[in-house]
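The following paragraphs are intended to be read alongside the sequence and the coordinates. They move from one strand outwards to the sheet, the ligand and a few local features of the backbone.

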Amino acid sequence: MFKFLKEKLSAFKKKLDKKVEEGVKHVEAKEPKIEPAKTVVEEAKAIETVKTDIAKAEEVSAKAEKEEKPKKIGLVSKIKTLIVDREVLIDEKKVEEILEDLEIILLESDVAFEVVEEISSKLKDRLVGRRKKIGEKLSDIVINELKLIIQEILDANRFDFDEFVQTKLKEKRPLNIIFVGVNGTGKTTTIAKIAKRLMDFGYSVVLAAGDTFRAGAIEQLEEHGQRLGVKVIKHKPGADPAAVIYDAIKHAESKGIDVVLADTAGRMHTKKNLIDQLSKIKRVTKPDLTIFVDESIAGNDAVERARMFNESVGIDGSILTKIDADPKGGTAISISYVTGKPILFLGTGQDYDDLVKFDSKWLIERIFGDI
Ligand SMILES: Nc1nc2c(ncn2[C@@H]2O[C@H](COP(=O)(O)OP(=O)(O)O)[C@@H](O)[C@H]2O)c(=O)[nH]1
Ligand SMILES: [Mg+2]
């Protein structure tokens, strides 16, 4: 998981460590002339002396100001720097260098362009003019800020699926959750995983075979249904999926079932057909949640599809599958920023239990863990 991105970030960090002082401008100040103190009392004395120096300097400077001799005004700040600034400033030139390297790494790791720009501008704001204490590593500062910024981006759109289900079921039953997205990304498998998860929490579930377009899609859902012991509502291939889902809702109503999970087609004769079909499903069946499913290994393609589905059909959140097979991680970093909608779950394998509720910390730990 995320091997490519991890290796790149690791190399980037090492490179930063290597030329750490390069381009980092030292504050115009020399070490304060305080002899190393042998005892606490001596140290206190030494500090007192410097404090007196500051007081004196302040006096001189105040006087200078009165006497309109502005030249001396800088004295106070200079002496103050002697004490507090055993630090160096990270200047703009250095930050630009860092960002250039980092932007390439992020782009190569499938982070969407606009997200790279956002990360880069935030990082610049936080690094330029920042004081680095002696002994503090520039690479640690940069990596820590990067982590924080990515976490902020991920946490900008939060959603707790379990809480939603629990709360919403107090208002109505059944809940209707539809899954949209292109073929082959793991939509049907994810529906089965969510069904298993809901049942593990004690909810009852029915599946709606709303992908009536692709040959074999209905059977595939039925197979999952059989394995999980869940009823599947289906019509004939080519039937109107809105009618299938509507029937599943009616079935759930009559049996007191909590949640309808509806599969939908990922492809039609044209993109417009698909969007029209999904829009009709939404109009007729009024889903409580429309979840976009895509595979994280698809990178920018997945992000662009998410944008398209969000704009044309409307989604409430995304599930990214195949995280286990994704060396890059950029899709997960980008998708919620680009759609403005949360990630709900991550698919981490082919088994029913390979589903992780989205948690930014979990993701950050997987990406930055041993860097
Ligand atoms: N490694 C991995 N494979 C997955 C994951 N989710 C789904 N798959 C596999 O992806 C393939 C396509 O899944 P399917 O559910 O049929 O996709 P759909 O066409 O979007 O409905 C299947 O072989 C699944 O086992 C995941 O999280 N990790
Ligand atoms: Mg499918």
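Which residue in S8 does Ile178 stand opposite? The answer is Thr290. The model in which this pairing is found is a predicted one, and the pairing itself belongs to a broader arrangement around strand S4, which spans residues 175–180. S4 and strand S8 (residues 289–295) pair in the parallel sense, over 4 bridges. A further 4 bridges join S4 to strand S7 (residues 259–262), again with a parallel run. In S7, Asn176 has Val260 as its bridge partner, while the partner of Ile178 there is Ala262. Ile178 is thus placed opposite Thr290 in S8 and is also bridged to Ala262 in S7. As general background, strands of a sheet pair through backbone hydrogen bonds, in either a parallel or an antiparallel manner.

The surroundings of S4 can be described in terms of accessibility. Because 6 of its 6 residues are buried, S4 is largely enclosed by the rest of the structure. In a regular strand, side chains alternate between the two faces of the sheet. For S4, both faces are covered: Leu175, Ile177 and Phe179 are buried on one side, and Asn176, Ile178 and Val180 are buried on the other.

The sheet to which S4 belongs is open and has 8 strands, in the order S6-S5-S7-S4-S8-S9-S10-S11, with mixed pairing. Its edges are formed by strand S6 (231–233) and strand S11 (355–357), each of which pairs on one side only. From one strand to the next, the twist averages 25°. Helix H8 packs on this sheet and touches S4, strand S5 (205–208), S7, S8, strand S9 (317–321), strand S10 (343–347) and S11. The direction of H8 makes about 165° with that of S7.

Within helix H8 (residues 187–200) is Thr188. With a relative accessibility of 10%, Thr188 counts as buried, since the cut-off for that class is under 20%. The side chain of Thr188 makes a polar contact, at 3.0 Å, with the side chain of Asp263. Leaving aside neighbours within four places in sequence, the residues in contact with Thr188 are Gln220, Leu221, His224 and Asp263.

Thr188 also leads to the ligand. Ligand 1 is surrounded by 18 residues, of which the closest are Gly184, Lys187, Thr188, Thr189 and Asp324. Polar atoms of the protein approach oxygen atoms of ligand 1 from both backbone and side chains. A backbone N or O atom of Gly186 lies 2.9 Å from an oxygen atom of ligand 1. In the side chain of Thr189, an N or O atom is 2.5 Å from a ligand oxygen, and a polar side-chain atom of Gln350 lies 2.9 Å from an oxygen atom of ligand 1. On its own, ligand 1 has 580 Å² of accessible area, and the protein covers 82% of this.

Several local features of the backbone also deserve inspection. Most residues other than glycine have a negative phi, and most peptide bonds are trans. The peptide bond from Arg173 to Pro174 is cis, with omega near 0°. Pro174 is located in the loop between helix H7 (161–171) and S4. Phe2 has a positive phi, near 60°, and lies in the segment before helix H1 (3–18); its relative accessible area is 0%, so Phe2 is buried. Asp110 likewise has a positive phi, near 70°. This residue lies in the loop between helix H4 (92–108) and helix H5 (113–127), and Asp110 counts as buried at 17% relative accessibility.

Lys137 is found in the loop between strand S3 (131–133) and helix H6 (138–155). Its relative accessibility is 41%, so Lys137 counts as partly exposed. Although Lys137 and Leu16 are 121 residues apart in sequence, their C-alpha atoms are 8.9 Å apart in space. Lys137 touches Asp17 and Lys132, not counting residues up to four places away in sequence.

The chain as a whole completes the description. It contains 14 helices and 11 strands, and 49% of its 371 residues count as buried. Among contacts with a separation of 6 or more, 78% are between residues 24 or more positions apart. The accessible surface of the chain comes to about 18,800 Å², of which carbon and sulfur atoms account for 51%.

Conventions. Residues numbered from 1 in each chain as written. Chains lettered and ligands numbered in written order. Predicted model: local features only at pLDDT ≥ 70, side-chain atom pairs only at ≥ 80, totals over all residues. Heavy atoms only, no water. Helix = DSSP H or I, 4+ residues; strand = E, 2+ residues; numbered from the N terminus. Buried < 20%, exposed > 50% of the residue type's maximum accessible area, 1.4 Å probe, protein only. Contact = heavy atoms within 4.5 Å. Areas by Shrake-Rupley, 256 points an atom, 1.4 Å probe, with all protein chains shown as cover. Pairing = 2+ DSSP bridges. Near = heavy atom within 4 Å. Polar contact = N/O pair within 3.5 Å; in protein donor to acceptor, adjacent residues only side chain to side chain. Axes fitted to C-alpha atoms, helices over the stretch in contact; angles between N-to-C directions.
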